[in-house]
Amino acid sequence: MRILITGGAGFLGSHLSDMLIGKGHEVVAVDNLITGRAENIAHLMGHPRFSFIKYNVCDYLHVDGPLDAILHFASPASPQDYLEMPIATLKVGALGTHKALGLAKAKGARLLLASTSEVYGDPLVNPQPESYWGNVNPISPRGVYDEAKRFAEAITMAYHRYHGLDTRIVRIFNTYGPRMRPNDGRVVSNFIVQALQGKPLTIFGDGTQTRSFCYADDLVRGITDLLVADSDKTVDQRTDRSTFLTKSSQPLPETIHDPVNIGNPRELTVKDIAELVLRLTGSKSAIEYRPLPADDPKVRRPDIRRAKMLLGWEPQVELEDGLRKTIEYFRQVV
Ligand code: NAD
Ligand code: UDP
């Protein structure tokens, strides 16, 4: 397949590029490098099946030649980044997703949207199944990311229902691994860098909030499984517009086009993560408590039954093993 990845120079986009090239596909990466880094894809430059275009995907998107699939991953992703770039985040979720869908339609390509567990907001159910509609504060600082992704999901489903586009939506839960930026502000990168530098680990709030962490290799495997899964994996009655318009209040069947959670269901408190990082690095760093950011979700854990059922996917990398590899990476770069 010839596959376009928006956000291809980012943490996840670069791992996806590696995996897809390894499987014999051709990858065109498009990225404006606002949070990504050229060094993430430096090893791919010059590869006969890889090309890079520096471009803002909110602008009219044109790519020469055929495309079989588009993976739309462009977006600031860490809270620190999207709080610093609120308008760019809303624009890439809305305008960027619209451009990516338009290009997919023009090329007859499949489109896979990188959505997020953040569509569940500060969830009132735990773990979160895909059927949960979420608890998002649209006007909080975090709302820029959550609502951008909720809009992105809505327009993706509209292109699927209205235009019959073959779309996929992955709701990605907290993911970690090599190529995270040391200063991107996410909890795993912050704690590891702080531990390696002998600085205090900064716990926001009292550290009882929970997250569930998926290693990057597990995540990209799940995403590629979703990308290549057959369109008729389950019966889809929604491509018929009249059915959609007249029967929209009826329960809809679950299909490969519905969102799929990909994440690791092992749930830890932030305090647990700090202690684990201290143990695995052998660091003597202290722990320092800081104020909790506004609307920081109190719990987060994926219900992955749909991924298991539709794709036969589940994570394989133990947190301790993934963290050891990530710590090794950060030892080289900080
Ligand atoms: P990242 O910041 O490393 O990668 C995002 C990439 O998108 C960057 O390279 C950035 O330069 C690029 N980009 C942003 N706006 C752009 C624009 N307008 N035009 C072109 N390129 C643009 O983040 P990541 O962790 O690799 O996340 C990738 C995707 O996965 C994002 O859509 C994010 O919302 C989603 N996601 C990630 C996680 C996670 O834990 N890493 C969790 C949930 C969802
Ligand atoms: N967090 C923390 N210390 C840090 C960075 C983050 O305690 O130095 C907390 C943050 O408040 C949140 C959790 O760790 O409760 C995960 O934060 P992250 O930014 O990694 O991602 P989120 O899941 O909030 O999008």
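Okay, one definition before anything else: when I say "domain" today, the bounds come from an automatic or database domain assignment. And keep in mind that what you're looking at is a predicted model.

So, the domains. That assignment gives us domain 1, which is 2–176 + 214–263 + 304–311, and domain 2, which is 187–211 + 265–300 + 317–333. Take the C-alpha centres of domain 1 and domain 2, and they sit 27 Å apart. Where the two touch, domain 1 puts in 18 residues and domain 2 puts in 13. If you look at the domain 1 side of that contact, you get 8 nonpolar residues, 6 polar and 4 charged.

Now, where does ligand 2 sit relative to these two domains? Both domain 1 and domain 2 give residues to the shell around ligand 2, so the ligand lies between them. There are 15 residues around ligand 2, and the ones that come nearest are R186, V187, N190, T202 and F204. Two elements give two or more residues to that shell, namely α5 (187–196) and β8 (201–204). The largest share is from β8, with 3 residues. By class, the shell around ligand 2 is 6 nonpolar, 6 polar and 3 charged.

Next, the inside of the protein. The largest nonpolar core has 77 residues, and the members touching the most other members are I70, L111, L112, V170, F191 and I223. Same logic as with the ligand: domain 1 and domain 2 both give residues to this core, so the core lies between them. Let's zoom in on I70. If you ignore its neighbours within four places in sequence, I70 is in contact with L4, A100, L103, A104, A109 and L111.

Last stop, helix α1, residues 11–22. Here's a quick sanity check you can do yourselves. With 12 residues at 1.5 Å a residue, α1 should span 16 Å, and its end C-alpha atoms are 17 Å apart, which agrees.

Is α1 mostly covered or mostly open? Mostly covered, with 9 of its 12 residues buried. Those buried residues are F11, L12, G13, S14, H15, L16, S17, D18 and L20. And what covers them? The list includes the strands β1 (2–6), β2 (26–31), β3 (50–54), β4 (69–72) and β7 (175–176), plus the helix α6 (216–228). One more detail if you're scrolling along the backbone: after α1 comes G24, and its phi is positive, near 95°.

That's my tour, thanks everyone.

Methods:
Residues are numbered from 1 along each chain as its sequence is written. Chains are lettered from A and ligands numbered from 1 in the order in which they are written. This is a predicted model: local features need pLDDT of at least 70, side-chain atom pairs count only at pLDDT 80 or more; totals for chains, interfaces and linings use all residues. A residue is near a molecule or strand if its C-beta atom, placed from the backbone, lies within 6 Å of it. Helices (H or I, at least four residues) and strands (E, at least two) are DSSP runs, numbered from the N terminus. Ala, Val, Leu, Ile, Met, Phe, Trp, Tyr, Cys and Pro count as nonpolar, Asp, Glu, Lys and Arg as charged, and the others, Gly among them, as polar. A nonpolar core is a set of buried Ala, Val, Leu, Ile, Met, Phe, Trp, Tyr and Cys residues joined through C-beta atoms within 7 Å. A residue is buried if 20 or more other C-beta atoms lie within 10 Å of its own, exposed if 12 or fewer, and partly exposed in between; C-beta atoms are placed from the backbone. Two residues are in contact if their C-beta atoms, placed from the backbone, lie within 7 Å. The expected span of a helix is 1.5 Å times one less than its number of residues.
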